[in-house]
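New to this one? Here's a quick tour of a few spots worth finding on screen, with helices up front and strands after that.

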Amino acid sequence: MDSANQLERTDPADTRPGGNAGPGSRAEPPPGRGGMTGPADGIGDTRRALGGFLRARRGRVAPEQVGLAGGRRRRVRGLRREELAQLAGISVDYYVRLEQGRAHQPSHEVLDALARALGLDAAERKHLATLAGAGSGPVPRARVSAPLQRLLDGMTYFPAFVTNHRLDVVAWNLLGAELMGGLADPDRRDRNNARFHFLDPASRVVHPEWQERAAETVGQLRVSAGRFPDDAELTKLIGELFARSDEFRRIWDTGEVVMCGAGRKRIRHPVAGLLTLDAQTLHVPVTPGETGLVVHAFSAPEGSREATALAGLAGDAAR
């Protein structure tokens, strides 16, 4: 097993195959493609995905951010390989092997050092560890239990829907279906949130903060791809979006990683207008055969215009 103890230093000017690429060397491809040269490149192969993620993230770190000299003559956007290796305290050769998918199961010490050098947040650190792990878990099957649907239906004045790890909408309540553009009618709306977001122009009307929601969507799919590299349906979905959406490709190339959380979101409804709502994500506990479901619920402070609007929409949806 490779570890942080393997720190033999080699000549930074060495450009032999598999060796070290010196500053400005043509042997180093520019980061930023996220390791993706085709729809499924790196998906299903966590070692290739790990290399792509590292390339994308070092491409986002300006040398000046970490105390290194920049300059206009640099041929590489972000950090060079040898610069990141130096910051992380590992040999350039070992780091090159990590990016090329030739190093197996890097130690926790190496991953922590890389995460610190790249300035990764908690979600990105977890994704890095997932990609570096050995093997993957079984692909979860999304089954909505009767108690979960009962809970959704009981949330009369709180719009809610449920997604799986592919961002398929697998359950909802009446108000959630109405708020999110007609979930109950498959002819009106694609029930996969990623396809809806990138392939349906209506998503830009429903979500005025479209770019922010787009980054969340891609980031969540990237996390799922790292957790379930053997999911053929997920690979197919990402490949479809990669082929059909320039925006999806652009965001995927940044290495964006997002975990579901809480926050305020703006949603536009044709009747209620622009609503600013509090959003919460609730993870359904793992049970045999049921895992990976996330409940997305929205609310508004009592007495607010948004609360009054949701109550009106709830009455209309119940008729």
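Let's start with a pair of helices: H5 (residues 122-132) and H10 (residues 210-227) pack at an angle of about 30 degrees, and their axes sit 8 Å apart. Keep in mind that this is a predicted model. From there, we'll follow H10 to another helix and then look at some paired strands.

**H5 against H10**

- Angles under 35 degrees count as roughly parallel, so H5 and H10 are roughly parallel to each other.
- H5 makes a left-handed crossing as it passes H10.
- On the H5 side, the contact comes from His127, Thr130 and Leu131, while H10 brings in Arg222, Val223, Gly226 and Arg227.
- Sort the residues of this H5 and H10 contact by type and you get 2 nonpolar, 3 polar and 2 charged.

**H10 against H12**

- H10 also meets helix H12 (residues 246-253): their axes come within 10 Å and cross at roughly 65 degrees.
- This crossing of H10 and H12 is right-handed.
- H10 puts Trp210, Gln211, Ala214, Ala215, Val218, Leu221, Arg222 and Ala225 into the contact, and H12 answers with Glu247, Phe248, Arg250, Ile251 and Trp252.
- By type, the residues of the H10 and H12 contact split into 9 nonpolar, 1 polar and 3 charged.
- Arg222 is worth a second look, since it shows up in the H10 contact with H5 and again in the one with H12.

**Strand S1 and its partners**

- In a regular strand, side chains alternate between the two faces of the sheet.
- Strand S1 (residues 160-163) is covered on both faces: Ala160 and Val162 are buried on one side, and Phe161 and Thr163 are buried on the other.
- S1 runs antiparallel to strand S2 (residues 169-172), joined by 3 bridges, and Val162 stands opposite Ala171 there.
- S1 and S2 make a hairpin with 5 residues between them, and Leu167 in the turn has a positive phi of about 70 degrees.
- S1 also runs antiparallel to strand S5 (residues 294-299), this time with 4 bridges.
- Within that pairing, Val162 has Val295 as its bridge partner, and Phe161 stands opposite His296.

**Strand S5 and its surroundings**

- Is S5 mostly buried or exposed? Of its 6 residues, 5 are buried, so S5 is largely enclosed by the rest of the structure.
- Strand S4 (residues 273-283) runs antiparallel to S5 and is joined to it by 6 bridges.
- Gln280 finds its bridge partner in Ala297 of S5.

Methods. Residues numbered from 1 in each chain as written. Predicted model: local features only at pLDDT ≥ 70, side-chain atom pairs only at ≥ 80, totals over all residues. Heavy atoms only, no water. Axes fitted to C-alpha atoms, helices over the stretch in contact; angles between N-to-C directions. Helix = DSSP H or I, 4+ residues; strand = E, 2+ residues; numbered from the N terminus. Parallel < 35°, antiparallel > 145°, perpendicular 65-115°, else oblique. Left-handed = near helix turned anticlockwise from the far one by under 90°. Contact = heavy atoms within 4.5 Å. Nonpolar A, V, L, I, M, F, W, Y, C, P; charged D, E, K, R; others polar. Buried < 20%, exposed > 50% of the residue type's maximum accessible area, 1.4 Å probe, protein only. Pairing = 2+ DSSP bridges.
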